[in-house]
Structures are given as structure tokens and as C-alpha cells.
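Good morning, and thank you for the opportunity to present. I would ask you to look at the sequence and the structure together while I speak.

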Amino acid sequence: MKKLLTCLLVLVPLWAAAQADKLAEQVKANPNYLWGQGFGVSVREADQAALSDLMSKISVQIESDFVIDEREVNTAAGNDATSTVQNVVRTYSQGTLKNTHSIILKQQPQAEVLRYIDRSEIEKAFKEREENVLSYVYQARNAEKAGRIDAALRQYYWASCLLKGMPNREQVKTSIDGIKFQLTMWIPEQIRTILSQIKAEVTKVEGQEVSMLFTYNGKPVSSLDFHYWDGMNYSNICSAKDGMYQVEMRPGAPTDKFNIQYEYEFKSQMRQDPELEQVMNIFNNVNYKEATVSVVSGKKSEQKQALVAYQSAVQNMGTVTHAIAVAQPKDFAKTIEAVVNAVKQKKYNSVSSQFTAEGFEMFDKLMHYGNATVMGNPTLNFYKLGDRTICRAVPMRFTFKNNKRSFVEDVTFTFNADQKIESVAFGLDQAARDDIFQREAPWSEDSRMAIATFLENYKTAFALKRLDYIKSIFDDDAIIIVGHMVKHAGKKNENQSYINNDMVKYTRQDKATYIKNLEKSFGSNEFINIRFTDNSVSKMGKGGDTFGIQIHQDYYSSSYADTGYLFLMVDLNEIDQPCIKVRTWQPHRDPNIHADWGRDDPSFGLINGSDF
């Protein structure tokens, strides 16, 4: 018996090795496959060598389809025209080129591995990159229409970068009004056009503080990122909102003339797309001279005219189109006036009596979120939500110790029935509010106000790191998608139907773990800021006032930034107790999701309520 077992132990490895050799020979003889072979002291080392050999062969295979301009190659990073195609192919191997297979021919210490891939998978990888390029273009066009100039520039620039990492890139086109445009030529022209149509005006100079208005095609921009020359250096990123910003020059620096550089690369956010970041390291950055402009304060009459437009932007910041404002309550107006003065004088405790205990805690956190500065002369608007009164809005600029980024936010205040401020939040921008209030839908005004207020409280909770509030609004059985992975917080069997959904990958994570991860993020960041745009709201078929909210989210923190699509299914039947049933996030539109929907459909390529 022992001799038989010994023979089997010897024969099984020999049989397995023979089978591996046979399969390897079949792969090498099959013209549908490309393959690479590697050797090493370990299987892992041999596998990496085989992958490198395979990538080289793929490079040779597609080299004739690549058009490389040597002037575009980033030689400072060690690249050259000869190796560029191979380096580009490696960006696919780290990203979409996933379906390679391995055959272990020999074990260590003289390991040998064969790596191979079906040629059709290579074409599929190129097609996926083209889809990403077209998705960026789609997002850029929508952003430009909404006046979100930062997003438009970012998406166009990223699309142009990814294009460089494609064979036959001159053949990639987009169709606009039935006319096809070659993207390699069209995108740079779009970027130059956008940059040339931004207008920066000085509205007021007080000491070393310069109030500015940014417009695009004559309208205040919804959002815009830029750097300014403060007299010694260019600032870190500043974010204008609804056309407004206030720059602070160094002591003695001139305020009548200075330079501004509009941001269009957004390198800190590229890390969410590894392929994009890797391609960017291979090629040189494109410098757009239109991105640097000189700002002149101008005559008093010109500043006065610009100030009128600036004040109009301040007023619109508190206006909710198509919602019915209530007559301005004098007591509420006096309270907000006192709060504004307390912010200007940094005497926050002087108004503590105007708040509930929780409301003042939020206000105090907000004032310490960043150095707060009130901008302009706020025009207050008051709206009803049940027995509450919401005051919109006081625009403020927030700066931080590390000075990595500064923001403008319109701050809203919610009064309870006892005329105390119970909640403070960052308001949605004008475009986002209009998406909710201007759409034709059979919802009540209260429902619209509830949706807007919920989103404002949600994004502000991340800024103020209100972990208890976030925990309270998530259902214990919520379905949570982080990245492309589905995470189910519940334990009930009826939700098992989502396990085999091919459009999303599934993994389990309970609510406690999700909150614990947030807690770590909150602890490691000086600030977190969320910007919502491109809302698409639909009422779910069941559940009364339960809504599916698809929204584009820009996320910034002191250590990380990303952009993507957030979907929230939220039960708002009880205004005091919103309950999130589903929360998903994805960085890109995925053409495999709702592939039968047109690309111009707002939900094309997005996980949304129809999936649940």
C-alpha cells in the first residue's frame, strides 16, 4: 500500500506537468492567442517576467496603430519615443487588460510560467478606454452647460490625456447635432474656448482683500478652481462658487493688478483613475496659455458695475426658484444679522442663545471648520418646511491652516417652531437647486424642499464630521456600494436577490464597519468638502415619499480628492428622520449598465433606482 501511495505521489505531479506542457503547446500554436514566457527563482517572479514578455509582444502587435509625437513624450520621467508604446500597453495591464491567463510549467527554484491572452480581449480593452474618453466628454459638455467650469475643464483635459494612450486615436469621434468631430482636434479647441470666455472682475478692494466676480458667457460660474498671485507665490487651489470669491493678498502686495491661473489638470483627483494617472506620467502636460490671465481692478465706475452683478449673485445664492418664499420675519432677520456680525467679529459665543444646543454645536464646528469670512451683503430669503423656517443664505469663504484649498459656501440656517436655530448647513449651488425645484414633477413643494434640505444636511455632515448623524440616517439593512463593490449592511433573506446581479460585484459589510471606515477618514483629514451637481430625482413606485436621487459628487479632503456618481434611495416620509435605504457610488459611467439606453440619457451607465 505504501509503495502504491509513493508511486501516486510521484506520478500525479508528472501527469500535471505533462498536462501543463500540453496546454502551453496548444496556446502557442493557436493564432487567436498572444503569449509570453518567463523564468525566475519563484513562481511569482517567473509570472511577472512572463507578463512583461506578453506586454512586449502586445506592443509589437499594435505599434503600427500608434501615432506618437516625440514632443508629447515625458522624457524627464525616463520615457522615450521607442519605449512609449510599451509603456502605454502597461497602463492597460494595470487597468482594463485583466483577462490574461497563467500556466505554471515549472515550480521554484527554477520556475517557468506562460502568460497568454485572447486577442479579442485586447480590442475590448481599447474599446473600454474609448468609452471612458467619451464619458469624460459627455460629462464635460453637461458641466459647461450648467456653468460648472472647473468640471468642464477637468473632464475635457482628462479625456485628451486618455486619448494619447489609444491606438488609432485620430479615429475616436463624438457626434454633436449629427456632425462628427475628431476628438484629438476638437477637445483642445473646447478647452481654449472655455478658458477664453471666463471673465474675472474686481468688485471691491478693502485693504488687501479683493472681492471678485467670475462669469462665463456673461453668467456667474457655478464653480471654478483657480490660483492667484498673492505678491510672492501662486496660491493653492481656490474654489469660486456661484461666481464669487475673495482673494487675500500679502501685506504690501499690489491689489490693482495681479495674475490668475485657471486650474484644468486636477492632478490630485487623477489617482481615482489609475489608467489616467499612468498615461499622464508617460506624456508631457499640455500648457494652455489662455489659462493665465491678468486681472486689473479698473476704474471705480467699472468696479461699481461689477459690484452690482456680484450683489446679484449674492442675492441669487439665497433664492430658490419656483419655491414660495415667506414674508421676512423680523425676529429671524435680526437673529441672522446678529450671527453674521458674530462671524465677522469672531465672537461666536455671543449668539449661543439664538441656537438650540445641537444647533450651536453645529455652528461652532462650522466656524472652526475653516477660517470663516462673510462675503458681500447677504440677501436673506425664508422658506417654510412644515413648522420650520429655513433661511437662505449667507455666503462665506473658508480657508484652512495647511492652505491646500479654500472654498466658498452658502450657509443656510433652519429655525424650529420656537424660533431657535436648530440646524446649520452648506447650501446646494444654484444649478443643483434648480434641478430639484424647476423640474416638472407631481411632487409637493414640501417634498422638494425636503429633498434639498436632506442633501444639504448630508453633505454638511461630512464637512462637520457628524458621525452620529450619518449613522442615524442609514437604514440598518441598507445596501451600500462603495466603488464598484456592492456592500449589503442587512441580514434579511429578501435582499438575497442582489447577490447575483451581474452589473455589480457583491460583497458583505455591515453598517458598523461602514461607519468605522468613515470614522477613520474623519480622523485623518483636516477638512472634507463635498460638492453636489447634476441632480436627477425620481419618486420610487412604492413607499410614499421615497426618492431615488442620482447626483454627481466632487469630494475633496486634505489628503484625497475624487469625483463620481452617487445614488441615494432615501425615505423622506418623516422629515425629521430621513432614512437611506440604498447608497451607491461609481467613478465612471459604465456602458455595460443600461447599455440599451442612449448616451444622452442622464442615467446612461449609472446604477440607479431601476436596479433595486
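I begin with one pair of side chains: Asp554 and Arg154 meet in a salt bridge, with N to O at 3.0 Å. Asp554 belongs to strand β24, residues 546–557, while Arg154 belongs to helix α5, so this pair ties together parts of the chain that are 400 residues apart in sequence. Both partners, Asp554 and Arg154, are buried. Please keep in mind that this is a predicted model.

Where else do such pairs occur? The structure holds 28 salt bridges, and I shall discuss two others.

The second pair is Asp230 with Arg250, whose side chains form a salt bridge at 3.1 Å, N to O. Asp230 sits in the loop between β9 (223–228) and β10 (237–241), and Arg250 in the loop between β11 (244–248) and β12 (257–262); the two are 20 residues apart. Are these partners buried or partly exposed? Asp230 has a relative accessible area of 11%, so this residue counts as buried. Arg250 has a relative accessible area of 33% and is therefore partly exposed.

The third pair is Asp410 and Arg433, in which the closest N and O atoms are 3.5 Å apart. This salt bridge links distant parts of the chain, from strand β18 (residues 405–415), which holds Asp410, to helix α11 (residues 430–437), which holds Arg433, a separation of 23 residues. Asp410 and Arg433 are both buried. They also take part in a network of salt bridges, in which they are linked with Lys241, Glu409 and Lys459.

I now return to helix α5, where Arg154 is found, and turn to its packing. Two packed helices are described by the angle between their axes and by the distance between those axes. For helix α5 (residues 149–164) and helix α6 (residues 183–196), the angle is about 155 degrees and the axes lie 10 Å apart. Because roughly antiparallel applies to angles over 145 degrees, α5 is described as roughly antiparallel to α6. The crossing of α5 past α6 is left-handed.

Which residues in α5 and α6 meet? On the α5 side they are Ile149, Ala152, Leu153, Tyr156, Tyr157, Ala159, Ser160 and Leu163. On the α6 side they are Leu183, Thr184, Trp186, Ile187, Gln190, Ile191, Ile194 and Leu195. Of the residues in this contact between α5 and α6, 13 are nonpolar, three are polar and none is charged.

Thank you for your attention.

Methods
Residues are numbered from 1 along each chain as its sequence is written. This is a predicted model: local features need pLDDT of at least 70, side-chain atom pairs count only at pLDDT 80 or more; totals for chains, interfaces and linings use all residues. Side-chain values use heavy atoms; hydrogens and water are left out. Axes are lines fitted to C-alpha atoms, for helices over the stretch in contact, and angles run from 0 to 180 degrees between N-to-C directions. Helices (H or I, at least four residues) and strands (E, at least two) are DSSP runs, numbered from the N terminus. Angles under 35 degrees count as roughly parallel, over 145 as roughly antiparallel, 65 to 115 as roughly perpendicular and the rest as oblique. A crossing is left-handed if the near helix is turned anticlockwise from the far one by less than a right angle, and right-handed if clockwise. Contact means heavy atoms within 4.5 Å. Ala, Val, Leu, Ile, Met, Phe, Trp, Tyr, Cys and Pro count as nonpolar, Asp, Glu, Lys and Arg as charged, and the others, Gly among them, as polar. A salt bridge is a side-chain nitrogen of Lys or Arg within 4 Å of a carboxyl oxygen of Asp or Glu. Buried means under 20% relative accessible area, exposed over 50%, partly exposed in between (1.4 Å probe, protein chains only).
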